[in-house]
Structures are given as structure tokens and as C-alpha cells.
Amino acid sequence: MDAWSNSGVSASMVRSPSAVERVLGLLEKPPAEPDVSAGYLDLLGPSTEPPPSLAQSVMQSTFLPQIYEKVWRPVGFNLAKGWPVGPDTAAEQAAARDWLGLAQPGDDGKPPATVLDVACGPGNVTRALAAGVGADGLVVGLDAAQTMLARAAADTGAKGAGPDVCYVRGNAVDLPFRDGTFDAVCCFGALYLFDDPWTAVDGMTRVLKPGGRLIILTSRRPLALPASRLGGEIVRRATGFTVFGDREVTGALADRGLTGIRRRRYPLMQLVAGRRP
Ligand SMILES: C[S@@+](CC[C@H](N)C(=O)[O-])C[C@H]1O[C@@H](n2cnc3c(N)ncnc32)[C@H](O)[C@@H]1O
């Protein structure tokens, strides 16, 4: 019996049945009865635990997904990237495609890449990555928040000429995919929310194919602000938000053997990338 007959739901409820079938083939432990009833592949099941932090509670609210892509994301992130000098959302997305070895929208010969967008929220970055992938490619958006994923699935719409896109409910700190699965992994605007960001980076590195590329957009402590381990820990415990030191993320990628590490620094954020040898 295939995943669709097993799930008991109509294939039309998710964007593309073939995308779900493809994702099931990438999982370390594919579920015997995949649940796609909410429009995404749910690997976490019913939530009973309260959100672990204030920041996570905000992310899991029903309100944030409604305003995230058009208001919260551009206002908050563009300011943190130093607007009007720093890159706007379109420039940030173009840099992501470029650094990940994907094509730009309108280019000929888009790669048939398999791409993972970790902590995809409402799918804003997932769709931007899909715009750089050819029709044979696959783009997977993973997030833990049901509200965000419902919005992602609704906003991504019917499959057109682009790659398969599939949303998965899973934990970024314990990625459910097999080793060496993805040509590119992206994690924007989320590493600072994870309870264990370095285990998450271990996982993102693990699921990259040899030669695959990783890009991360995350927080950055301005050099003018003195590094205080205690101060950082107090902020993290109170809000669930980690502010990373200036060389902490590049160092983490180097420690995991990534090469060709590059970085752009913004006032309160940093864009960091590397390649698995
Ligand atoms: C600010 S949004 C980022 C959305 C998008 N990547 C962007 O750059 O705009 C952060 C997302 O991280 C997700 N998230 C936080 N911790 C997570 C975890 N442990 N596993 C999966 N998703 C997580 C939240 O649910 C939220 O959707």
C-alpha cells in the first residue's frame, strides 16, 4: 500500500503527492501511516508540550503567520540587516540562491537540486529557493509550528512548472532525514531560536551531500557590545533568543569540516555559508 492510500486523505490536500512520496524516501524512519491531513507531512503528531520559550510561543501563535511575510519579516529583518544600506528581502533571497549554487528566477538551466529549508515558517524562503531549482528538483520546508506550516502549504499553491515542494513538520534540532541527502540546506532566521543550535548545525551538515552547501542567516552581536557569557545566558533564558558572537557561527562551520566559508556581516545579523568537502 502506498503512502497515499495509507494516509486516508486526498492527494489534492497537499501540493503534490509525488513530492510527499519523494520526501518519504529521504527519511531515516518513514512513518508506516504518513499523516498529510493538514497539507504537510506531520512527523511530530499531536503537541502536548507547552512552547519551551517566549520566542517559540510567538512563533507558534495563530496571529504571527498572518502578518509574518508582509510585515514582521521585512520590518524586523531589514532593520537588523541595516536597512536602507543592508540587503532587502529580494537581495537576501538572491544571495541565498547564489551562495547555494542555485539559479536565479528567469535563468535557463536551473539545477535539479534537492534543497532543505530548515525552520521554513510560512514558506517565504522555501518559495524563493524553489524559484532557483529546476522542474526535476525537490524543495523541502521543515518547521515545528503547525500554524506556520498551514500557512506555508496554503500560500505555496498548486504545482506549476517548478520543482516539487513539500512541507514537513519536524524538529530542526533532530532532523529526520538520512545522511548525505541534500544538495543545499538553508536556515534563515531561526538558529537563534533553537534550544541547541550546535546540534542543529551538526544535523544540517550531516544531511548535506558531499559538495553540498549550507547557508545560515542568524543573529550577530555587534562588536561594540561587550561579550558577556552571563548576559547572553540571561537573555536566552528569559526570551529563548540567542545572540551569536562575531565568529561563533563561522567557527562552528569550520569545526564541522565545512570549507569555503564566507560571511556577510550586518549590524545585528550575519549571513554565513560553507560547503561540505
Ligand atoms: C522567524 S521564523 C523564520 C522563517 C523563515 N525561515 C524566514 O527566514 O523568514 C522561525 C521559525 O523557526 C521555527 N522553529 C523554531 N524552533 C524550531 C525547531 N526546533 N524545529 C523546527 N522549527 C523551529 C518556528 O516555528 C518559526 O516558524
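What follows is a conversation about how a ligand is held in a predicted model.

Colleague: How do you know that Tyr68 and Arg73 are near the ligand?

Modeller: A residue counts as near when one of its heavy atoms lies within 4 Å of the molecule. In this predicted model, 21 residues surround the ligand, and Tyr68 and Arg73 are among the closest, together with Ala119, Asp143 and Phe188.

Colleague: What makes the pair formed by aspartate 143 and the ligand a polar contact?

Modeller: The cut-off is a pair of N or O atoms within 3.5 Å. A polar side-chain atom of aspartate 143 lies 2.6 Å from an oxygen atom of the ligand, and therefore the pair qualifies. Backbone atoms take part as well: a backbone N or O atom of alanine 119 is 2.8 Å from a nitrogen atom of the ligand, while for a polar backbone atom of alanine 144 the distance to a ligand nitrogen atom is 3.2 Å. As for cover, the ligand taken alone exposes 600 Å², of which the protein buries 97%.

Colleague: Why is the ligand said to sit in the largest pocket?

Modeller: The test asks whether more than half of a molecule's atoms lie within 2 Å of the grid points of a pocket. The ligand is assigned to the largest pocket, so it has passed that test there.

Colleague: Which helices supply at least two residues each of the shell around the ligand, and how is that shell divided by class?

Modeller: Helix H3 (54-59), helix H4 (64-80) and helix H6 (124-130) each do so. By class, the shell has 13 nonpolar, 6 polar and 2 charged residues.

Colleague: What makes the backbone of alanine 119 worth a second look?

Modeller: Alanine 119 has phi near 60°, which is a positive value in a residue other than glycine. Its place is in the loop between strand E2 (114-118) and H6.

Colleague: Where is proline 84 placed, and is the peptide bond leading to it cis or trans?

Modeller: Proline 84 is in the loop between H4 and helix H5 (89-99), and the peptide bond from tryptophan 83 to proline 84 is cis, with omega near 10°.

Definitions and conventions
Residues are numbered from 1 along each chain as its sequence is written. This is a predicted model: local features need pLDDT of at least 70, side-chain atom pairs count only at pLDDT 80 or more; totals for chains, interfaces and linings use all residues. Side-chain values use heavy atoms; hydrogens and water are left out. A polar contact is a pair of N or O atoms within 3.5 Å; within protein, one must be able to donate a hydrogen and the other to accept it, and residues adjacent in sequence count only if both atoms are side-chain atoms. Accessible areas come from the Shrake-Rupley method with a 1.4 Å probe; for residues, only the protein chains shown count as cover. On a 1 Å grid over the protein atoms alone, a cavity is a set of points where a 1.4 Å probe fits but cannot get out, and a pocket is an open set with protein on both sides within 12 Å along at least five of seven lines; lining residues have an atom within 4 Å of a point. Helices (H or I, at least four residues) and strands (E, at least two) are DSSP runs, numbered from the N terminus. Ala, Val, Leu, Ile, Met, Phe, Trp, Tyr, Cys and Pro count as nonpolar, Asp, Glu, Lys and Arg as charged, and the others, Gly among them, as polar.
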